[in-house]
Amino acid sequence: MRAFDYSRADSTAGAVAAGAPDSATFIAGGTNLLDLMKLQVMTPESVVDITRLDLGQIEETEEGGLRIGALVTNSDLAADMRVRRGWPVLSKALLAGASGQLRNKATTGGNLLQRTRCYYFYDTDALCNKRTPGTGCAAIGGATRLHAILGASEHCIATHPSDMAVAMRALDAVVEVEGPDGTRDIPLEDLHCLPGDTPHVETVLQPGELIVAVRLPAPVGGGQVYRKVRDRSSYAFALVSVAAVVTMDAGRIANAAIACGGIAPKPWRMAEVDAALAGAEPTDDSFAKAADILLADATGHGDNDFKIDLTRRTLIAALGQACAEASA
Ligand code: SF4
């Protein structure tokens, strides 16, 4: 690990000021950042510790939703009874991620900003446009089991690794940010960037901008399923995951919000998929049509070709379960 300056922020404004230089980074749980620094994948000149900030509450909003402080740990969020009752897909997704020890340290803000687990990103001897822009992508033509089938580019085919973010994407979460120019809201769908020809630019956050909270709208009820397929039954990133939030009316799907993980550079949700399901009967045919829409542009890269069929089957299974729960 390279030497770096360490400071501990005692206010959000102080954190924002200290984090403004390009060479600075925030640390909270550190469950991803410390690994990256030890491997010298990330070599910040200064690290701003935000763990003492007052961002650890979960509060109900006037609109009936929830405001989750950026420092709420994944364990506390998963266990919160309001979350388990009103937004159960979020609790399920959190519990499907990482390990108990990691969830005790990992925070809501940090989870959103964790970096890809592309093998080559972590190997400083490998070519990687995300780590060192313009050098190439060792994954293309290499080992791609964990890589994207949607949203990738010729410069990067990495996936976003979060489970939590996939559920939040299905729940229409909004990210609250404080920065040098004040505060702003960013819909989660706009937080993460597609790689295009700048895969090192992963979010729309500007230097010094700090995630302070995530807001969820009021509960929608219905069936809420998080189905994750991975190489081990715990402590493994998704090969494919599906967050399905479905409400039913008179035997038909009233509304569906479907987001996928493990297959794209950001939590993947398509309005066309949700629209195709709205008003449909809860049958395998309807689910298969939604899968056709979701996967129309899917492209495998060799090792991960299997993800196209796996995503189809996972979506169909998740929808069947969510519709059954919503009908019960
Ligand atoms: Fe780097 Fe992206 Fe290629 Fe992985 S897929 S080696 S993160 S450029």
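So, the lining of the second largest pocket: by class, that's 13 nonpolar residues, four polar and three charged. Keep in mind that we're looking at a predicted model here. The space in this pocket comes to about 240 Å³. Which residues lie nearest its centre? Those are Ala170, Asp172, Val220, Val245 and Ala257, out of 20 lining residues. And if you want to find the pocket by eye, look for β10, residues 240-249, β11, residues 252-261, and α10, residues 271-277, since each of the three supplies at least two residues of the lining.

Okay, on to the cavities. The structure holds four of them at 30 Å³ or more. The largest has about 170 Å³ of space. It's lined by 20 residues, and the ones closest to its centre are Lys130, His160, Cys193, Glu202 and Pro265. Sort that lining by class and you get 11 nonpolar, six polar and three charged residues.

Hold on to two of those names, Lys130 and Glu202, both among the residues closest to the centre of the largest cavity. Their side chains meet in a salt bridge, at 3.0 Å from N to O. Where do the two sit along the chain? Glu202 is in the loop between α9 (188-191) and β8 (210-216), while Lys130 is in the loop between α7 (108-113) and α8 (164-170). That puts them 72 residues apart, so this pair links distant parts of the chain. Buried or exposed? Both Glu202 and Lys130 are buried.

Next, the second largest cavity, with about 90 Å³ of space. It has 16 lining residues, and closest to its centre are Cys118, Cys128, Cys137, Cys156 and Ala158. The split here is 11 nonpolar, four polar and one charged. What sits in this cavity? The ligand does. There are 15 residues around the ligand, and Cys118, Cys128, Cys137, Cys156 and Ile157 come nearest. So you'll hear four cysteine names in both lists: Cys118, Cys128, Cys137 and Cys156 are close to the cavity centre, and they also come nearest to the ligand. The shell around the ligand has 11 nonpolar residues, three polar and one charged.

Let's finish with the salt bridges. How many are there? The count comes to 17. One of them pairs Arg67 with Glu176, with the closest N and O atoms 2.9 Å apart. Arg67 lies in strand β5, residues 66-69, and Glu176 in strand β6, residues 174-179, so the pair ties together parts that are 109 residues apart in sequence. The two partners don't sit in equal surroundings, either: Arg67 counts as partly exposed, because its relative accessibility is 26%, whereas Glu176 is buried, because its relative accessible area is 13% and the cut-off for buried is under 20%.

Another salt bridge joins Arg269 and Asp274, where the closest N and O atoms are 2.8 Å apart. Both Arg269 and Asp274 are buried. And then there's a network: salt bridges with shared partners join Glu59, Arg67, Glu176, Asp185 and Arg215 together. You'll recognise Arg67 and Glu176 in there, the pair from strands β5 and β6.

Note on methods. Residues are numbered from 1 along each chain as its sequence is written. This is a predicted model: local features need pLDDT of at least 70, side-chain atom pairs count only at pLDDT 80 or more; totals for chains, interfaces and linings use all residues. Side-chain values use heavy atoms; hydrogens and water are left out. On a 1 Å grid over the protein atoms alone, a cavity is a set of points where a 1.4 Å probe fits but cannot get out, and a pocket is an open set with protein on both sides within 12 Å along at least five of seven lines; lining residues have an atom within 4 Å of a point. Grid points are joined across faces, edges and corners, and a volume is the space filled by probe spheres set on the points. Helices (H or I, at least four residues) and strands (E, at least two) are DSSP runs, numbered from the N terminus. Ala, Val, Leu, Ile, Met, Phe, Trp, Tyr, Cys and Pro count as nonpolar, Asp, Glu, Lys and Arg as charged, and the others, Gly among them, as polar. A salt bridge is a side-chain nitrogen of Lys or Arg within 4 Å of a carboxyl oxygen of Asp or Glu. Buried means under 20% relative accessible area, exposed over 50%, partly exposed in between (1.4 Å probe, protein chains only). A residue is near a molecule or strand if one of its heavy atoms lies within 4 Å of it. A molecule sits in a cavity or pocket if more than half of its atoms lie within 2 Å of its grid points.
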